[in-house]
Amino acid sequence: MNVLPTSQRVQILRCLLEGNSLRSNSRITGAAKKTVEKLFHDAGMAAARIQDRRIRGLHCKRLELDEIWSFVYAKRKNVEDATART
């Protein structure tokens, strides 16, 4: 199995963090789209494991969450569909 050099992995993840799409990331870095998808998935799973281990027993009175949720179910018709599914 081929393994990307660390420098190219870092470049791919930086592009993703900047908001580039998978396809544009593939064009910028020269990596295959599936490779970018797999790296994105692996990085997400690693982040989830770290968060699960380290963020325990918090007693929060106030939370401030990222606004990215506003893009999900942004249209009224989608909100109604989403509530019907739950």
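Start by selecting Lys 33 and Glu 37 in this predicted model. Both sit in helix 3, and because they are four residues apart there, about one helical turn separates them. Show their side chains: Lys 33 and Glu 37 make a salt bridge, with 3.9 Å between the closest N and O atoms. Side chains of opposite charge can pair like this when their charged atoms come close. If you go hunting across the whole structure, the tally of salt bridges is four.

Keep helix 3 in view, residues 33-54, and switch on the pocket display. Helix 3 gives four residues to the lining of the largest pocket, the largest share. Eleven residues line that pocket in total. To find its centre, select Asn 2, Val 3, Leu 4, Thr 35 and Lys 38, the lining residues nearest to it. The volume comes to about 290 Å³. Colour the lining by residue class and you should get six nonpolar, two polar and three charged.

Next stop: helix 1 (residues 6-17) and helix 2 (residues 22-29). Their axes come within 10 Å of each other and cross at roughly 145°. Which hand does the crossing of helix 1 and helix 2 have? It's right-handed.

To see where the two helices touch, select Gln 8, Gln 11, Ile 12, Cys 15 and Leu 16 on the helix 1 side. Then add their partners from helix 2: Leu 22, Asn 25, Ile 28 and Thr 29. By class, this contact has five nonpolar residues, four polar ones and no charged ones.

Methods
Residues numbered from 1 in each chain as written. Predicted model: local features only at pLDDT ≥ 70, side-chain atom pairs only at ≥ 80, totals over all residues. Heavy atoms only, no water. 1 Å grid on protein atoms, 1.4 Å probe; cavity = no way out; pocket = protein on both sides within 12 Å on 5 of 7 lines; lining within 4 Å. Points joined across faces, edges and corners; volume = space filled by probe spheres on them. Nonpolar A, V, L, I, M, F, W, Y, C, P; charged D, E, K, R; others polar. Axes fitted to C-alpha atoms, helices over the stretch in contact; angles between N-to-C directions. Left-handed = near helix turned anticlockwise from the far one by under 90°. Contact = heavy atoms within 4.5 Å.
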